[in-house]
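Welcome, and thanks for taking a look at this one. Here is a short briefing to help you find your way around.

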Amino acid sequence: MDQLQLRKFRDSDIERLVTLANNKNVSRYLIDTFPYPYTPEDARLWLQTGHQQNKSVNYAITFDGELIGIIGIKPNRGWKSHLAEIGYWTGEPYWNKGYASWALNEMTSHAFNELKIKKLYAPVFEANHASMRVLEKCAYYREGVLNLEVFKDGNYHNIHYFAKINPDGNN
Ligand SMILES: CC(C)(COP(=O)(O)OP(=O)(O)OC[C@H]1O[C@@H](n2cnc3c(N)ncnc32)[C@H](O)[C@@H]1OP(=O)(O)O)[C@@H](O)C(=O)NCCC(=O)NCCS
């Protein structure tokens, strides 16, 4: 896993972003604001401002310096500002090589140790077994299931909430 890194975005990531993100197999289980088709304009907006919207912290997952996916957290607000949602995707040519699991472990440590988040949570479509496996491998636990929680692509979907609590206390 030596070639893997989390790094800040670069303008030059635009091409890789479009190539990898413009794939229904990637967008299928992502939030409905993730576009499909995914255009160069979508990538440009993401690289300019999108990755920091609502105080989100996102990084490029890279292999030998090249973007292969994205991982990030979106902190909640007010009395829930100790919580953050974590989300990620990797490009289809890179699936099942352990890369998302590596990135999730890295980002979880960063969120707990540097960003001082108390609890991370991930909403997962019921059919997204690969993502559930990634979360389990990184010692996230299933907190519960919300039935018919989202409507996407013409269907209602149950959402499984996975979470991990910062072991570093309560302050
Ligand atoms: C989910 C996703 C991030 C996984 O990325 P990845 O880089 O392939 O993840 P890893 O290689 O670290 O781990 C995948 C694990 O899922 C397992 N897996 C893959 N497909 C599976 C399936 N259909 N059913 C059960 N397990 C599956 C793999 O075998 C592997 O587990 P293992 O290491 O025990 O063999 C990637 O498929 C993706 O980006 N999907 C689209 C976007 C998405 O769903 N994001 C997550 C939203 S919650």
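How many residues surround the ligand, and which are the closest? The ligand has 23 residues around it, and the closest are A100, S101, H129, A130 and R133. Please keep in mind that this is a predicted model. The points below start with the ligand, then move on to the nonpolar core, the strands and a helix.

**Around the ligand**

- Two or more residues of the shell around the ligand come from each of β4, α4, β5 and α5.
- The helix α5 supplies the largest share of this shell, with five residues.
- Sorted by class, the shell holds 13 nonpolar residues, eight polar ones and two charged ones.

**The largest nonpolar core**

- This core has 35 residues, and the members that touch the most others are I61, I71, I73, Y88, A103, L104 and M107.
- Helices and strands both take part: α1 (14–21), α3 (40–48), α4 (99–113) and α5 (129–137) each give two or more residues, as do β2 (57–63), β3 (66–75), β4 (83–90) and β5 (119–125).
- Among these elements, α4 gives the most, with seven residues.
- I71 is a good place to start exploring: beyond its neighbours within four places in sequence, I71 is in contact with L6, Y59, I61, Y88, A103, L104 and M107.

**The strands β3, β4 and β5**

- β3 and β4 run antiparallel and are joined by seven bridges.
- One residue pair to look for here is I71 and its bridge partner in β4, Y88; these two residues are also in contact.
- On to the next pairing: β4 and β5 run parallel, with three bridges between them.
- Across from E85 you will find Y121, which belongs to β5.
- β4 is mostly covered, with six of its eight residues buried.

**The helix α1**

- Which residues of α1 are buried? They are L17, L20 and A21.
- Why do the buried residues of α1 line one face of the helix? Looking down the axis of α1, they fall within an arc of 85 degrees, so they line one face.
- The cover over these buried residues of α1 includes α2 (24–27), α3 and β3.

**Where the topics meet**

- β4 appears in several places: it gives residues to the core and to the shell around the ligand, and it is bridged to β3 and to β5.
- α4 likewise gives residues to the core and to the shell around the ligand.

Conventions. Residues numbered from 1 in each chain as written. Predicted model: local features only at pLDDT ≥ 70, side-chain atom pairs only at ≥ 80, totals over all residues. Core = buried A, V, L, I, M, F, W, Y, C linked by C-beta atoms within 7 Å. Buried ≥ 20, exposed ≤ 12 C-beta atoms within 10 Å, placed from the backbone. Helix = DSSP H or I, 4+ residues; strand = E, 2+ residues; numbered from the N terminus. Contact = placed C-beta atoms within 7 Å. Near = placed C-beta within 6 Å. Nonpolar A, V, L, I, M, F, W, Y, C, P; charged D, E, K, R; others polar. Arc of directions from axis to C-beta. Pairing = 2+ DSSP bridges.
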